[in-house]
Amino acid sequence: MRIPLLLDLAADTHGDRIAVDGDGGALGFAGLRTAARGFAAHLIARPAQAVGYLGVNGPALPVALFGAAMAGRPFAPLNYRLTDEALRALAARLAPALIVADDDMAPRLAGIAGVELIGAPALLALPPADQAPPDPQDDETAVLLFTSGTTGAPKAALLGHANLTGYVMGTVDFAAAGADEATLVSVPPYHIAGISAILSSVWAGRRIVQLPAFDPAAWVDAAARHRVTHAMVVPTMLARILDVIEAGAALPALRALASGGGRMPRPLIERALHRLPHVAFANAYGLTETSSTISVLGPADHEAARQGDPLALARLDSVGRPVPGVQVEIRDGSGSPCAAGIAGEVWVRGDQVSGRYAGHSTTDAEGWFPTRDRGWFDAGGYLYLDGRLDDVIVRGGENISPGEIEDALRSHPAVADAAVIGAPDPQWGERVVAFVVPHPGTAPAPEALRDHVRRLLRSTRTPEIVHLRPDLPYSETGKLLRRVLRDDLAGV
């Protein structure tokens with residue numbers, strides 16, 4: 001199945017229903033299809049072999065996504081937070097390309113060989129096509145997403161039509177949304193969560209309310225004004241939204257809130273369950289290379305935790321169980337499957353799993369993709385994550401997970417957030433270093449924090465050094481940037 005068919009079926013079923021909403025304008029499902037077909041016809045008449053997108057969330061985004069798919073061109077949203085030099089380098093890799101750019105961002109890409117620019121207003125004003133363009137093939141690349149490139153040049157992850165539609169159809173029922181339902185999309189376009197939110201909402205028939213960029217007060221305001229019923233946030237966003245709510249704001253229409261993109265601290269989700277008792281929560285785990293979610297801790301699990309069930313409370317630390325159509329294994333260093341309770345690398349297989357990059361693939365002969373994430377299953381099949389394999393601290397031959405130390409630190413009443421990394425040590429190989437954000441008005445002594453961890457965990461897991469900081473570095477999609485902390489530590 002191909003991406004354009006998702007929109008075709010939605011437009012044929014409820015064409016007059018609003019598909020895209022927000023302060024940037026509104027489009028119905030039929031209007032979205034018409035605009036996408038017009039853009040596809042424009043593309044087919046040009047030499048562009050890829051479509052870039054440089055801008056914030058707005059009506060031009062889904063038009064460009066579906067129009068590129070109709071024309072059989074990969075759609076590549078670009079990270080507007082990059083430096084001009086890095087951004088231009090990525091745009092040049094797409095050439096020959098047509099890049100849809102917001103007016104204030106277009107000058108950043110001027111003059112690149114093989115790159116043509118079109119503004120968002122001009123895209124939306126293109127004339128409608130006389131007929132639908134020819135369908136692309138299932139195995140064609142539909143979306144190209146550049147990775148963060150933390151250890152080198154960004155890799156171009158390739159997602160096919162079959163991967164993306166496999167995810168959507170495996171997790172969402174067609175036309176399942178009521179006419180009153182709306183989802184708020186505030187994650188940036190260049191993140192897989194933003195792409196999957198558009199595709200899933202179209203398939204469900206749910207109105208998409210677009211927020212150009214995340215701001216907690218603006219998020220709560222948009223959710224209230226547009227009667228938002230569903231939303232997805234990352235943990236850092238959730239914490240700031242709760243601050244606004246606790247200051248007196250309300251979300252009367254919100255029914256379901258999903259989280260993902262980063263590790264969900266237990267105190268934060270317990271706070272959310274208490275502050276939003278009418279909301280069904282879900283915590284999802286996924287990757288760019290897997291077309292989004294591969295496991296989810298669902299509303300029933302969260303509700304059981306809200307009611308105080310001890311096992312459910314413990315499983316708030318998990319990312320739930322694999323979604324239908326996805327297989328997940330934990331493997332040790334030799335590639336053998338691990339038993340329940342034993343940590344190893346998370347491997348995944350399924351129709352939605354790509355594992356492809358421009359120029360190479362990392363899946364094995366049987367279609368299994370190594371995520372480079374470290375995790376383990378409990379006896380009930382719930383998946384727990386211990387961070388990236390590269391984050392594991394090796395001290396005296398012992399593998400130490402930063403996550404369990406961070407959880408121990410966050411359980412201290414004076415600690416708002418914590419991060420742990422390994423630093424070189426001539427005797428033990430690595431030593432444990434903690435960065436702690438205290439709650440406002442508190443100043444915990446580093447030795448008291450070390451004693452707290454020592455009481456909860458083995459002495460080898462006690463941080464040798466504790467640094468107090470006003471905040472921790474996170475990406476806009478909720479990923480803790482441990483590399484920044486390592487750089488900061490090197491400069492201490």
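Is Ala-300 buried or exposed? Ala-300 counts as exposed, because its relative accessibility is 63% and the cut-off for exposed is over 50%. The model in which this value was computed is a predicted one. Ala-300 is found in helix H11, which covers residues 299-306. Its C-alpha atom is separated by 8.5 Å from that of Phe-281, a residue 19 places away along the chain.

**The nine-stranded sheet**

An open sheet of 9 strands runs in the order E2-E1-E10-E9-E11-E12-E13-E14-E15, and its pairing is mixed. Its edges are strand E2 (27-28) and strand E15 (321-322), each of which pairs on one side only.

At the E2 end, strand E1 (residues 18-21) pairs with E2 in the antiparallel sense over 2 bridges. Ile-18 stands opposite Gly-28 of E2. The hairpin formed by E1 and E2 has 5 residues between its strands, and Gly-22 takes a positive phi near 130° there. E1 is also joined by 2 bridges to strand E10 (residues 207-210), and these two strands run parallel. Within E10, Val-209 is the bridge partner of Asp-21.

Further along the sheet, strand E13 (residues 280-287) and strand E14 (residues 292-297) are antiparallel and joined by 5 bridges. Ser-292 in E14 is the bridge partner of Leu-287. Helix H8 (residues 216-225) lies across three strands, namely E9 (182-185), E11 (230-233) and E12 (256-259), and runs at about 165° to E9.

**The three-stranded sheet**

A further open sheet has 3 strands in the order E24-E25-E26, again with mixed pairing. The edge strands are E24 (415-425) and E26 (465-468), each pairing on one side only. From one strand to the next the twist averages 25°. E24 pairs with strand E25 (residues 429-438) in the antiparallel sense over 10 bridges, and Val-420 has Ala-434 in E25 as its bridge partner.

Helix H13 (residues 402-410) packs on this sheet and touches E24 and E25; its direction makes about 140° with that of E24. Helix H14 (residues 446-456) lies across E24, E25 and E26, at about 125° to E26.

The table lists helices that lie against the two sheets, with the angle to a reference strand.

| Helix | Strands touched or crossed | Angle |
|---|---|---|
| H8 (residues 216-225) | E9, E11 and E12 | about 165° to E9 |
| H13 (residues 402-410) | E24 and E25 | about 140° to E24 |
| H14 (residues 446-456) | E24, E25 and E26 | about 125° to E26 |

**Helices H1 and H6**

Helix H1 (residues 3-14) has 12 residues and reaches 17 Å from its first C-alpha to its last, close to the 16 Å expected at 1.5 Å a residue. Its buried residues are Ile-3, Pro-4, Leu-6, Leu-7, Asp-8, Ala-10, Ala-11 and His-14. The elements covering them include helix H2 (29-44), helix H3 (60-71), strand E7 (141-146), helix H6 (161-171) and helix H7 (192-204).

In H6, the buried residues are His-161, Asn-163, Leu-164, Thr-165, Tyr-167 and Val-168. These pack against H1, H3, E7, strand E8 (156-160), H7 and E14.

**Nonpolar cores**

In soluble globular proteins, nonpolar side chains tend to be buried together. Here the largest nonpolar core has 54 residues, and those with the most contacts inside it are Leu-32, Phe-39, Phe-66, Phe-75 and Leu-199. H3 supplies the largest share of this core, 10 residues. Another core, of 34 residues, lies apart from it and has Val-209, Val-234, Leu-257 and Leu-268 among its members.

Leaving out residues up to four places away in sequence, Phe-75 touches Val-51, Tyr-53, Leu-61, Ala-64, Leu-65, Ala-68, Ala-142, Val-143, Leu-144 and Ile-195.

**A buried acidic residue in a loop**

Asp-391 lies in the loop between strand E21 (383-388) and strand E22 (393-395). It counts as buried because its relative accessibility is 13%, and the cut-off for buried is under 20%. Its side chain makes a polar contact of 3.3 Å with the side chain of Arg-482. Not counting residues up to four places away in sequence, Asp-391 touches Pro-402, Arg-482 and Arg-486.

How values were computed:
Residues are numbered from 1 along each chain as its sequence is written. This is a predicted model: local features need pLDDT of at least 70, side-chain atom pairs count only at pLDDT 80 or more; totals for chains, interfaces and linings use all residues. Side-chain values use heavy atoms; hydrogens and water are left out. Helices (H or I, at least four residues) and strands (E, at least two) are DSSP runs, numbered from the N terminus. The expected span of a helix is 1.5 Å times one less than its number of residues. Buried means under 20% relative accessible area, exposed over 50%, partly exposed in between (1.4 Å probe, protein chains only). Contact means heavy atoms within 4.5 Å. Two strands pair if DSSP finds at least two bridges between them. Axes are lines fitted to C-alpha atoms, for helices over the stretch in contact, and angles run from 0 to 180 degrees between N-to-C directions. A polar contact is a pair of N or O atoms within 3.5 Å; within protein, one must be able to donate a hydrogen and the other to accept it, and residues adjacent in sequence count only if both atoms are side-chain atoms. A nonpolar core is a set of buried Ala, Val, Leu, Ile, Met, Phe, Trp, Tyr and Cys residues joined through side-chain atoms within 4.5 Å.
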